[in-house]
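Could you walk me through this structure in my viewer, one selection at a time? I would like to know what to click on next and what is there.

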Amino acid sequence: MYKDFLSYQNRTLCGLVFEQAWLNGGIEKESTEAQDAGWWFEDMVVRGKSDKEPTSLKKGGYNALFRTLEAHIPLAKEMVANEGKLVSADETAYRGNVRVKRDLVFVKDNKIKVVDIKTTAHLNNKWDYYAWGALAEGDIYSHRFMMQKRHKDIQAKTYMCVPYNGMMPDSFEYWIFSSKDSEVLILDFTVEELDAWYEHMEDTLQQILDTSFFEPIPELKRCNECPLKKNCKYKSKLPNKIVI
Ligand code: SF4
């Protein structure tokens with residue numbers, strides 16, 4: 001919710017979509033094959049099995065997406081084994097109104113590390129504004145890097161402000177596996193002042209609950225892909241094609 005609220009404030013998410021998704025009962029969305037593959041991969045690493053069925057080819061075997069992710073599984077399991085004691089997997093935890101679903105929680109040297117597993121086809125995509133590629137580049141002077149970093153910071157802080165077994169996490173990592181090739185990116189965060197962040201999140205929640213009007217932010221592509229477009233009077237009316 002906090003990420004989406006930030007997107008709304010940045011005007012990259014329509015206020016009506018935010019309101020429906022988080023305050024009015026949610027939005028049903030079909031998962032994409034890439035999302036299914038990501039969940040399958042996480043399940044296979046974390047639990048060794050999954051309810052998701054990999055997409056198979058007629059001639060047998062998995063399709064390229066699942067094959068690439070399957071090839072990462074031994075490395076991912078090795079990374080899990082090297083992290084220390086795995087104390088929790090796929091756990092949902094709460095602190096007040098803040099809810100997190102943590103893929104992996106480790107304890108090593110009395111310190112708690114939280115890991116979120118991600119898969120992406122865009123690890124090396126230099127052009128997608130919000131792709132992980134911006135962080136893989138590591139160009140701290142680029143606007144893209146700072147935007148993506150801020151976005152991921154929010155997620156990291158959210159994971160870290162919820163205690164595990166009464167203890168605050170000490171660090172957070174994303175393990176990002178490419179669904180196109182063999183590359184893996186690890187991003188680590190050690191976040192200070194967690195209580196201040198928790199207060200901030202509670203304040204943000206109050207701000208959301210106090211908002212009586214969420215602004216429609218129509219835009220041609222966004223509206224065309226919007227699950228609310230059928231009954232929306234604000235839907236962008238710009239023509240799909242402009243012939244000059
Ligand atoms: S159709 Fe456009 S304006 Fe309407 S809710 Fe969707 S994104 Fe917002």
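Happy to. Begin by selecting helix α6 and coloring by burial: Q148, K152, A156, K157, T158, Y159 and M160 are buried there. Keep in mind that you are looking at a predicted model. Now show the whole of α6, residues 143-160. This helix has 18 residues and reaches 25 Å from its first C-alpha to its last, close to the 26 Å expected at 1.5 Å a residue.

Next, select strand β4, residues 171-178. Seven of its eight residues are buried, so β4 is largely enclosed by the rest of the structure. Bring in its partners one by one. Strand β3 (residues 111-120) runs parallel to β4, and eight bridges join the two; to find one of them, look for V115, whose bridge partner in β4 is E173. Then add strand β5 (residues 184-189), which pairs with β4 in the antiparallel sense over six bridges. Here Y174 has L187 of β5 as its bridge partner. Five residues make the hairpin connection from β4 to β5.

Move on to strands β1 (residues 85-95) and β2 (residues 98-108), an antiparallel pair with nine bridges. Label Y94 and you will find its bridge partner, R99, in β2. These strands also form a hairpin, with two residues between them. Stop at G96 in that turn: its phi is positive, about 55°.

Finish at the ligand. Of the 13 residues around the ligand, C14, P218, C223, C226 and C232 come nearest. Two elements, α2 (15-22) and α8 (220-224), give two or more residues to this shell. Color the shell by residue class and you get 10 nonpolar, no polar and three charged residues.

How values were computed: Residues numbered from 1 in each chain as written. Predicted model: local features only at pLDDT ≥ 70, side-chain atom pairs only at ≥ 80, totals over all residues. Near = placed C-beta within 6 Å. Helix = DSSP H or I, 4+ residues; strand = E, 2+ residues; numbered from the N terminus. Nonpolar A, V, L, I, M, F, W, Y, C, P; charged D, E, K, R; others polar. Pairing = 2+ DSSP bridges. Expected span 1.5 Å × (residues − 1). Buried ≥ 20, exposed ≤ 12 C-beta atoms within 10 Å, placed from the backbone.
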